[in-house]
Structure formats: C-alpha cells, structure tokens
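Dear colleague,

I am passing on the structure below, and my notes on one helix and one acidic residue follow it. Please read them with the model open.

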Amino acid sequence: MPDPLEELDPRVLRRVDWRFLLPIDPPERIASFADASLTAAVEAVMGPCVAPDDRVGCDLAIVDATGWRSLDVAYASLAPGGVVYGEWAGGRRGGSGAALRRLGDAGFIGGAVHWPWPTPGPARMPRFWVPLGDAG
C-alpha cells in the first residue's frame, strides 16, 4: 500500500520536517497559532487542528513568529504533558536565549532549541537538526 506522505508536495513536508522531535507520535489534538501555510502543512501530515473555540486539552500547540505573542494562550490550550513547536528567525530579538525565556515566562519547562541544517529553502530539506546549547 502506498504511503500517503509520498504523494504530498515536498515543500509541505519541509514545513513539518521537525515532527520526529515530538515525544507524542502522533499527537491527537493539535492547536495552531501559526500562519496558514504552517497550519496547512501540519494538517496534511498529522491531521486536522482543532477549531479555535475548542483549543483545550491539546497534545501539541504550534506557534510561529506571529504566534510568539500568544504563548500564554498556547500554553493554556495544552493538556498536561503537551508540547509546543515554534518557529522564529533566530537572529532577531535575542536569538535562542530570548526564545527560551519567552517559553519559560509562559510556563513551559524543559525547552530545547534546534537549528535545521542546511537552512530549509525552496530546493532543500534539512538533513539534521542541531540542538543549540550542546557542546558538540
């Protein structure tokens, strides 16, 4: 039986290449606070996101550069043990340290920051994710 992911546009898969980092496979309830393209990619690979008025008890919350302002709301949408995935431009507003502080201020604990390499773009998919803060 063919894998349904093989039929997806590779650009869609690039947007969710991080899903192997999740401790929940697959997440059952997803709340998206991200832009339409990231939300559509997540839905194509992991299933539908919950409606905005039903964002409670979720396993995964997704935020992007616009959603960083809603981290408190994203945190409140999660069930105990839920996780957040966020995207931001690393060189802006303090880099990874600022992102970890923002996550901590919203109530998240045990945050990890990863850098995809090579940088995702129209013609390439990251080959690996480098955990920032590792000695290597």
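What covers the buried residues of H4? The cover includes helix H3 (71–77) and strand E3 (78–86), where helices (H or I, at least four residues) and strands (E, at least two) are DSSP runs numbered from the N terminus, and contact means heavy atoms within 4.5 Å.

This is a predicted model, in which local features need pLDDT of at least 70 and side-chain atom pairs count only at pLDDT 80 or more, while totals for chains, interfaces and linings use all residues. Residues are numbered from 1 along each chain as its sequence is written, and side-chain values use heavy atoms, with hydrogens and water left out.

The buried residues of H4 (under 20% relative accessible area with a 1.4 Å probe, protein chains only; exposed is over 50%, partly exposed in between) are Gly95, Ala98, Ala99, Leu103 and Ala106. Because they cover an arc of only 140° around the axis, taken from the directions from that axis to the C-beta atoms, they lie on the same side of H4. The face turned away from this buried side carries the exposed residues Arg101 and Asp105. Just after H4, glycine 107 takes a positive phi of about 110°.

Aspartate 59, found in strand E2 (residues 58–63), is buried yet has no salt bridge (a side-chain nitrogen of Lys or Arg within 4 Å of a carboxyl oxygen of Asp or Glu). The nearest side chain of opposite charge, arginine 29, is 6.6 Å away, whereas the backbone nitrogen of glutamate 28 lies 2.7 Å from a polar atom of the aspartate 59 side chain.

Best regards

Conventions
Lys, Arg positive; Asp, Glu negative; His and termini not counted. Polar contact = N/O pair within 3.5 Å; in protein donor to acceptor, adjacent residues only side chain to side chain.
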